[in-house]
Amino acid sequence: MSRDRWIWRMTLALSTLAWPGTGAARMQPMHAHQAASRDTTKPSEPMPGMRMEEGKAHRRPGHGMEMHMASSGMYGAYPMTREASGTSWQPDAAEHVGIHSTSGAWMSMLHGAADVVFDHQGGPRDGDGVFSTNMLMGMARRPLGPGTLGLRSMVSLEPATVGERGYRLLLQTGETADGRTPLIDRQHPHDLFMELAGAYSLSSGSRSVFLYGGLPGEPALGPPAYMHRFSGMSIPVAPITHHWLDSTHITYGVLTFGAVVDAIKVEASAFRGREPDQHRWDIEAPKLDSHSFRLSVNPTRHWALQASYGRLESPEQLTPDVNQDRTTASAIYDGWGGRRWEATLAWGRDRNRPGHTLDGFVAEAAVEPSTRLTVFARAEHVEKDELFLAPDPRAGRVFSVGEGTAGARYDFWRREHLRTGIGAALALSQVPGELHDVYGSTPVSALVFAHAALR
């Protein structure tokens, strides 16, 4: 029996188990008009992608047609605005920006963003640099047989625009530029191929099951990746809690099975635990040596909650004998109140085996006081044991460090599907007194950036 036929039969069998007494013949494809007929949005509330003002429905600035926002998602019969990176969920009320189009049975979306950043990192470990963080993302789906086929892709030119050594970022750790030395106070670039994935889902009413696979892809572990959260996407650099929450968003080899019942989703993933190596242009060999589980709940249109656990086999290339247990929990709130705003609170714990158990916390928020202005802030606290290398006596010791970042971006040029602007941010790093000789007492860093995004 071929692998494809085996996967197909297993999916049908699992879907039958998910609905006792319901056979595969009763599964229905998730067409947009079917999702609209099942929409549980209260009559007094606007549809996703719209807001109410003085009793009238309006489009969100820069948004596409509301028909796309009311369409069902790739993994179930709920608004597609609920879907974020990989198979993760954000609030239903969140935007799903991009260029939406239809061609025959296919519905597609294209989204992209790029920032050109001047970066000054302060303190004794100071340094300047110019780089670009960027990504281009495409999604497409169509009815196929009794269910829905979905395709996802995401690419980045950061191997060229950031470089193999990454960009300067105080207190950031993780991965390597040359296969021999760990990156310290630097953030690695993303790979050229961030996601090449497909999914198939079967739906019955408000319930669905789905199978997702990617090379690379994102397993069911952690909240939506930071560049996909409205609360954090305006900050053009990664959070220092990246390797506590969402560093697995690029995984070379992942299979995820999930089931959705109304506002609840449970998932299980098998994936490759090793993080991408320093060769950022290629596709690495897949391996399913790690696993994770995630519970997601969207109790209202404005909230998205998740808790997850993963066991990662040898995630770090330079410490291959160390495995890791990762636990995360997060809450995202997306609201309007006259102006759109979103806030995220997340916690992650990495238990290294052998090694330390380390916690990381992040709180971030973004608000649009006007259609052209976005104000953002992020506060982090994390325990790190990778800030020093031997023979420094502090190598391997755990230090509690933190960082606060705040800034704004003004979009001076807006068209239907393109937005450009400029922004700036200040970051204040917090380190214990015994690290003042290396970092200074309160090092201050600055970012100035030009921004462009497809809307």
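About 90 Å³ of space lies in the second largest cavity of this predicted model, where a cavity is a set of points on a 1 Å grid over the protein atoms alone at which a 1.4 Å probe fits but cannot get out, and a volume is the space filled by probe spheres set on the points, joined across faces, edges and corners. Its lining, made of residues with an atom within 4 Å of a point, consists of M74, M80, E83, H96, M107, S108, M109, M139, A140 and R141. Strands β4 and β5 each contribute at least two of these residues, strands being DSSP runs of E with at least two residues and helices runs of H or I with at least four, numbered from the N terminus.

The model is a prediction in which local features need pLDDT of at least 70 and side-chain atom pairs count only at pLDDT 80 or more, whereas totals for chains, interfaces and linings use all residues. Residues are numbered from 1 along each chain as its sequence is written, and side-chain values use heavy atoms, with hydrogens and water left out.

The whole structure holds eight cavities of 30 Å³ or more, and the largest has a volume of about 630 Å³. Of the 39 residues that line the largest cavity, H111, M135, M227, H228 and M233 lie nearest its centre. At least two lining residues come from each of β4 (106-121), β5 (127-144) and β21 (444-454), with β5 giving the largest share, five residues. The lining of the largest cavity divides into 17 nonpolar, 13 polar and nine charged residues, and that of the second largest into six nonpolar, two polar and two charged; here Ala, Val, Leu, Ile, Met, Phe, Trp, Tyr, Cys and Pro count as nonpolar, Asp, Glu, Lys and Arg as charged, and the others, Gly among them, as polar.

A search for salt bridges (a side-chain nitrogen of Lys or Arg within 4 Å of a carboxyl oxygen of Asp or Glu) finds 27 in the whole structure, including those tabulated here.

| Salt bridge | Closest N to O distance |
|---|---|
| R229 and E364 | 2.7 Å |
| R340 and D334 | 2.5 Å |
| R394 and D392 | 3.2 Å |

R229 lies in the loop between β10 (207-214) and α5 (242-245) and E364 in strand β17 (residues 357-367), so their salt bridge ties together parts that are 135 residues apart in sequence. Both R229 and E364 are buried, that is, under 20% relative accessible area with a 1.4 Å probe and protein chains only, where exposed means over 50% and partly exposed in between. R340 and D334 are both buried as well, while R394 counts as buried at 15% relative accessibility and D392 as partly exposed at 23%. Salt bridges that share partners join E95, D334, R340, E342 and R455 into one network.

Key:
On a 1 Å grid over the protein atoms alone, a cavity is a set of points where a 1.4 Å probe fits but cannot get out, and a pocket is an open set with protein on both sides within 12 Å along at least five of seven lines; lining residues have an atom within 4 Å of a point.
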